Amino acid sequence: MNDIIEKLPGYKGNLPSKTYGGYINLGGEKNTFYMFIECEKKPREAPIMFWTNGGPGCSGLMGLFEEFGPYRPERNGTVSYNRWTWTKFANIVFVEQPIGVGFSWSGKKKDYTSNDKLSAKDNFRFVMNFFEKYPHYKKNNMYLISESYGGHYVPLWAKEVIEHNKKHNNELNFKGFMIGNPYINFRTGTETQIETYWGHQKLPKH
């Protein structure tokens, strides 16, 4: 597998599980960057989760390096192991989408203009092409996960998967999706954010 990563700059010792990084072509000149980290135990039996950050326009690698991935960059330039990583129980694919986010790119200028529905179709195509590259994971329990603007991304992404399964005898072993602090619209998102700040004593009561 030519996408395998055997060493990370700043990380000492062997990586905790197999780590891959590279591009999945979506057709034409669209190329989505991903990092795939296998579960630390029995990856062929563990669920597979596809993660993207919200934004819109946030790199999926934020989830990997700042939230629940196994690698945590430190101030001194080293990379430490995050003992709370979700890769202890799941295979996780960190996706940089839409085109233009992070390392994802296209040779066509028009591909840098996107919307939620187009992102959903591209994300579905990513999943299908990912399983062509890693076919031995296609039967694993599959989940879509995100946060924030993922409240837009993931339901539409899931809809593409469900509609495909209806036509193709449940080809994908899709089990569901999860969204943390989903940002659905400006008003509720902003009001909830202020209430959260106040609840954690980050803002005065009056």
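Pro-56 sits in the loop that runs between strand β4 (48–52) and helix α1 (61–67), and in this predicted model the peptide bond leading from Gly-55 to Pro-56 is cis, with an omega angle near 0°. A second cis bond is found from Gln-97 to Pro-98, where omega is near -5°, and Pro-98 belongs to the loop between β7 and β8.

Another backbone feature to look for is at Lys-42, which has a positive phi of about 45° although this residue is not a glycine. Lys-42 lies in the loop connecting β3 (30–37) with β4.

Returning to the loop between β7 (91–95) and β8 (105–106), one also finds Phe-103 there. On the surface, Phe-103 joins Tyr-23, Trp-105 and Tyr-112 in a nonpolar patch, and together these four residues have about 430 Å² of accessible area.

The helices come next, and here the reader may follow helix α2 (residues 116–133) to the place where its axis comes within 8 Å of the axis of helix α3 (residues 150–167), the two crossing at roughly 55°. An angle of 65 to 115 degrees would count as roughly perpendicular and one under 35 degrees as roughly parallel, so α2 and α3 are described as oblique to each other. The crossing of α2 and α3 is right-handed. On the side of α2, the residues that make the contact include Ala-120, Phe-124, Val-127 and Met-128, while those contributed by α3 include Tyr-153, Leu-156, Trp-157 and Val-161. Charged residues take part as well, among them Asp-116 and Lys-117 of α2 and Glu-160 of α3.

Side chains of opposite charge can pair when their charged atoms come close. A search of the whole structure finds six salt bridges, and one of them joins the side chains of Asp-3 and Lys-133, with 3.4 Å from N to O. This pair links distant parts of the chain, since Asp-3 is in the segment before β1 (4–5) whereas Lys-133 is in helix α2, and the two residues are 130 residues apart.

Note on methods. Residues are numbered from 1 along each chain as its sequence is written. This is a predicted model: local features need pLDDT of at least 70, side-chain atom pairs count only at pLDDT 80 or more; totals for chains, interfaces and linings use all residues. Side-chain values use heavy atoms; hydrogens and water are left out. Patches are made of residues with over 30% relative accessible area and no salt bridge: like charges are joined within 9 Å, nonpolar side chains (Val, Leu, Ile, Met, Phe, Trp, Tyr) within 5 Å. Accessible areas come from the Shrake-Rupley method with a 1.4 Å probe; for residues, only the protein chains shown count as cover. Helices (H or I, at least four residues) and strands (E, at least two) are DSSP runs, numbered from the N terminus. Axes are lines fitted to C-alpha atoms, for helices over the stretch in contact, and angles run from 0 to 180 degrees between N-to-C directions. Angles under 35 degrees count as roughly parallel, over 145 as roughly antiparallel, 65 to 115 as roughly perpendicular and the rest as oblique. A crossing is left-handed if the near helix is turned anticlockwise from the far one by less than a right angle, and right-handed if clockwise. Contact means heavy atoms within 4.5 Å.
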